[in-house]
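Reader: Got a minute to go through this one with me? Put it up and I'll start asking.

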Amino acid sequence: MTAADSMAQTLVERLDLDHYKRLVEGLAQFGDRQQGTERNARAVDWIEEQLRSWGYETERHHYEHEGEPRSQVYATKVGSVAHHEMYILGAHMDGRGGGQAVNDNASGTALVMEIARVLASPDIHTERSVRFALWNNEETGLNGARAYVEDRANLQGMEDPVGSGRYPEPTWMGMIQHDKVMFDRGNPVQDEQALNADVDVEYQLNSERWEESAQLAIALINANRMFATHHPAAMSNGMSNTDSTPFMDLVPAVSLRENRRLYETGNGANPHWHQTTDLFETFSDADFMLGFNAAQTTLGAVAKLGGIRIAG
Ligand SMILES: [Zn+2]
């Protein structure tokens, strides 16, 4: 391992499986968090409270959906060198189906939050900024992430106020989305996790930035090989139906999932998807471990891409 690898390894070891599970459970208490409902609004508040409790200054992006006001929360670990550049780690916090929307997508939301918790530690410095974005309105058609791209793409890299050294929207270096990360029981679906359960890293071949997106996916595959403890990762080029889609022509964009969205999830690999059975109690320790391996994969990759180091 290089010095950067060892640093990333130490950082990844600070992720806590039990804490990841507690965050999933915390989100589950708000039910399916369907956009436009009180339980969705309360869940956004709860996410914001957690981020603040770790020391972040949170921000809200306000937008409209079908004429009604909506908001989504994000927080940023500000870079100490290139704070005008950033990686975005995303997950949608809204759900549907009338259950607890645990796998779709408390699992990805908690993953991004657990990485945020680790990076909040005052002894951790990042060269580039890292933003934790908990998108709303994914289930209605990626509307939260789309609104963010529409409202903020043109603000990238602008110092505001001029001379302040503050960059409200650092230039996007990459967007890494997490959506449904725990359930890989094969197809036909088995009672237990599949022996070959893996983390699927997808980019979209038919996008403007596909070559750089493939490079970003390779960085995640390499990080998985080095830092994930239990499950391998596989790469493919059919990223679809996820919040990284609105970014993919502008910036390298990938998505991490339990299964490929079009060819596996779309063909029945997850019977709890958008169902009342997407509950905390539905998932085994092995399922949580698969989600945790996706967290190890992303943090390991971002540690190197973002130049993250631990002081002392
Ligand atoms: Zn989802």
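Reader: What lies 3.5 Å from the backbone nitrogen of glycine 186?

Author: A polar atom of the aspartate 184 side chain. Keep in mind this is a predicted model.

Reader: Where's aspartate 184 placed, then?

Author: In the loop that runs between strand E6 (171-178) and strand E7 (199-202).

Reader: And which salt bridge partner, if any, does aspartate 184 have?

Author: None. Aspartate 184 is buried without a salt bridge, and the nearest side chain of opposite charge, arginine 185, sits 8.5 Å away.

Reader: What does aspartate 184 touch, leaving out residues up to four places away in sequence?

Author: Gln193, Ala194, Asn196, Ala197 and Asp198, plus Glu258, Asn259 and Leu290.

Reader: OK, switching to the metal. What coordinates the zinc ion?

Author: His92 through NE2, Asp104 through an OD atom, and Asp179 listed twice, with OD each time. The distances are 2.0 to 2.6 Å.

Reader: What's the spacing of those donors along the chain?

Author: H-x11-D-x74-D. Histidine 92 belongs to strand E3 (residues 82-92) and aspartate 104 to helix H4 (residues 102-120), so that pair ties together parts twelve residues apart in sequence.

Reader: Are those two buried or exposed?

Author: Histidine 92 is buried, at 0% relative accessibility. Aspartate 104 is buried as well, with a relative accessible area of 2%.

Reader: And what's the geometry of the zinc ion's site?

Author: Irregular: the angles among the four donor atoms go from 53 to 154°. Tetrahedral would need all angles between 85 and 135 degrees, so this site doesn't count as tetrahedral.

Conventions:
Residues are numbered from 1 along each chain as its sequence is written. This is a predicted model: local features need pLDDT of at least 70, side-chain atom pairs count only at pLDDT 80 or more; totals for chains, interfaces and linings use all residues. Side-chain values use heavy atoms; hydrogens and water are left out. Donors are N, O and S atoms within 2.8 Å of the metal (3.2 Å for Na, K and Ca); water is not among the atoms, so sites may look incomplete. Four donors count as tetrahedral if all angles lie between 85 and 135 degrees; four count as square planar and six as octahedral if opposite donors are over 155 degrees apart and all others between 65 and 115; anything else is irregular. Helices (H or I, at least four residues) and strands (E, at least two) are DSSP runs, numbered from the N terminus. Buried means under 20% relative accessible area, exposed over 50%, partly exposed in between (1.4 Å probe, protein chains only). Lys and Arg count as positive and Asp and Glu as negative; His and the chain ends are not counted. A salt bridge is a side-chain nitrogen of Lys or Arg within 4 Å of a carboxyl oxygen of Asp or Glu. A polar contact is a pair of N or O atoms within 3.5 Å; within protein, one must be able to donate a hydrogen and the other to accept it, and residues adjacent in sequence count only if both atoms are side-chain atoms. Contact means heavy atoms within 4.5 Å.
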